[in-house]
Amino acid sequence: MTEAPSERTRVKRLNKRAKYDTETVHGILDAMPVCYVGYVFKGTPYVTPTLQWREADHIYWHGSSASRMLETCIDADVCVTVTMIDGMVMARAAFHHSCNYRSVMVMGKAHIIGDPAEKEQRLKTFTQKLFPGRWDILSPVTSKELKATTMLGLSLHEASAKVRNGPPGDDEEDYALPIWAGLIPMRTQILAPTADERNLPGLTPPDHVKNFKLG
């Protein structure tokens with residue numbers, strides 16, 4: 001990824017909110033695993049939610065080898081987006097209501113990860129990024145499971161971020177109106193883990209479960 005965006009990833013609407021630097025783009029991708037993959041299947045556009053993770057200057061996602069989305073995206077142009085809402089912006093005019101958010105859009109040709117060893121290593125990285133230490137205590141991945149899994153990668157060369165933060169921006173004359181304005185902050189809340197009722201007796205959540213957090 002470079003700080004000179006391509007024409008198709010250049011933010012045109014409210015471009016003062018655009019961010020093209022690596023730190024911002026990587027930070028948003030690392031903080032939110034949920035992404036939306038846009039692609040075209042038999043002439044019809046689709047957007048499919050899935051989980052992504054970043055390694056260096058690429059993002060990856062995976063799923064069943066029978067997945068229509070994954071099969072369609074191989075060596076095809078895709079658009080992957082990630083968004084986090086940080087709050088609702090309450091203005092004095094309906095037109096100026098908004099939300100504070102952080103978002104990333106990545107475009108390019110998705111490529112398949114075909115080598116089983118690479119696929120397993122990237123699955124390990126994904127698991128470890130979310131739950132440090134969990135991979136080493138899990139039942140080993142089998143060749144059958146790897147064969148049943150398709151994994152795609154996408155370069156971050158064409159990526160842009162768009163961020164809004166701060167208070168509402170009303171028309172100057174509206175600041176004299178007796179209307180409450182401000183922010184309703186929002187955040188993702190992680191609750192206490194609940195155990196599978198088929199756990200063996202005496203098992204307690206490991207640290208990577210008890211201390212789970214995003215980003």
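**Close-up 1. The loop residue A76 and its surroundings.** A76 sits in the loop that joins α2 to β6, in a model that is predicted. Its C-alpha atom lies 7.9 Å from that of G108, although the two residues are 32 places apart along the chain. When neighbours within four places in sequence are set aside, the contacts of A76 are with G108, K109 and A110.

**Close-up 2. A salt bridge between strands β6 and β7, formed by D77 and K109.** The closest N and O atoms of D77 and K109 are 3.8 Å apart, and the pair forms a salt bridge. Because D77 belongs to strand β6 and K109 to strand β7, this pair ties together parts that are 32 residues apart in sequence. D77 is partly exposed, with a relative accessible area of 44%, whereas K109, at 52%, counts as exposed. K109 is also one of the residues in contact with A76.

**Close-up 3. A salt bridge formed by D86 and R102.** The side chains of D86 and R102 meet in a salt bridge with an N to O distance of 2.7 Å. D86 lies in strand β6 and R102 in strand β7, so the pair ties together parts that are 16 residues apart in sequence. Both partners count as partly exposed, D86 with a relative accessibility of 26% and R102 with one of 30%. Elsewhere, E55, E118 and R122 are joined into one network by salt bridges that share partners.

**Close-up 4. The salt bridge of R54 with D30.** A search of the whole structure finds seven salt bridges, and the one shown here joins R54 to D30, with 2.8 Å between the closest N and O atoms. R54 is part of strand β4 (residues 53-55) and D30 of helix α1, so the pair ties together parts that are 24 residues apart in sequence. The two partners fall into separate accessibility classes: R54 counts as buried because its relative accessibility, 15%, is under the 20% limit, while D30 is partly exposed at 31%.

**Close-up 5. The largest nonpolar core.** In soluble globular proteins, nonpolar side chains tend to be buried together. The largest nonpolar core of this model has 27 residues, and those with the most contacts inside it are V37, I59, W61, C73, V78 and V80. Two or more residues are given to this core by each of the elements α1 (22-31), β2, β5 (58-64), α2 (68-73), β6 (77-90), β7 (98-109), β9 (149-155) and β10 (159-164). A second, separate core has eight residues, among them Y60, I113, W135 and L146. Beyond its neighbours within four places in sequence, I59 is in contact with L29, Q52, W53, R54, V80, V106, L152, G153, L154 and L156. That list includes R54, the partner of D30 in the salt bridge of the preceding view.

**Close-up 6. Aromatic residues Y39, F41 and Y46.** A pair of aromatic rings is described by the distance of the centres and the angle of the planes. The count for this structure comes to five aromatic pairs, and Y39 and Y46 form one that is stacked, with 5.9 Å from centre to centre and 15° between the planes. Y39, F41 and Y46 form one aromatic cluster. Y39 is buried, with a relative accessible area of 6%, whereas Y46 counts as partly exposed at 29%.

**Close-up 7. A nonpolar patch on the surface.** V34, Y36, V47 and L51 make a nonpolar surface patch of about 330 Å². The elements that give two or more residues to the patch are β2 (34-41) and β3 (44-51). Y36 has its place in strand β2 and counts as partly exposed, with a relative accessibility of 38%; that value is over the 30% which a residue must exceed to be part of a patch.

**Close-up 8. L214 in the segment after α5.** L214 is found in the segment that follows α5 (207-210), and with a relative accessibility of 30% L214 counts as partly exposed. Apart from neighbours within four places in sequence, L214 is in contact with A31, P33, T188 and I190. G133, by comparison, is 81 residues from L214 in sequence, and the two C-alpha atoms are 16 Å apart in space.

Key. Residues are numbered from 1 along each chain as its sequence is written. This is a predicted model: local features need pLDDT of at least 70, side-chain atom pairs count only at pLDDT 80 or more; totals for chains, interfaces and linings use all residues. Side-chain values use heavy atoms; hydrogens and water are left out. Patches are made of residues with over 30% relative accessible area and no salt bridge: like charges are joined within 9 Å, nonpolar side chains (Val, Leu, Ile, Met, Phe, Trp, Tyr) within 5 Å. Accessible areas come from the Shrake-Rupley method with a 1.4 Å probe; for residues, only the protein chains shown count as cover. A salt bridge is a side-chain nitrogen of Lys or Arg within 4 Å of a carboxyl oxygen of Asp or Glu. Helices (H or I, at least four residues) and strands (E, at least two) are DSSP runs, numbered from the N terminus. Buried means under 20% relative accessible area, exposed over 50%, partly exposed in between (1.4 Å probe, protein chains only). A nonpolar core is a set of buried Ala, Val, Leu, Ile, Met, Phe, Trp, Tyr and Cys residues joined through side-chain atoms within 4.5 Å. Contact means heavy atoms within 4.5 Å. Rings of Phe, Tyr and Trp (its six-membered ring) pair if their centres lie within 6.5 Å; planes under 30 degrees apart count as stacked, over 60 as edge-to-face and the rest as tilted.
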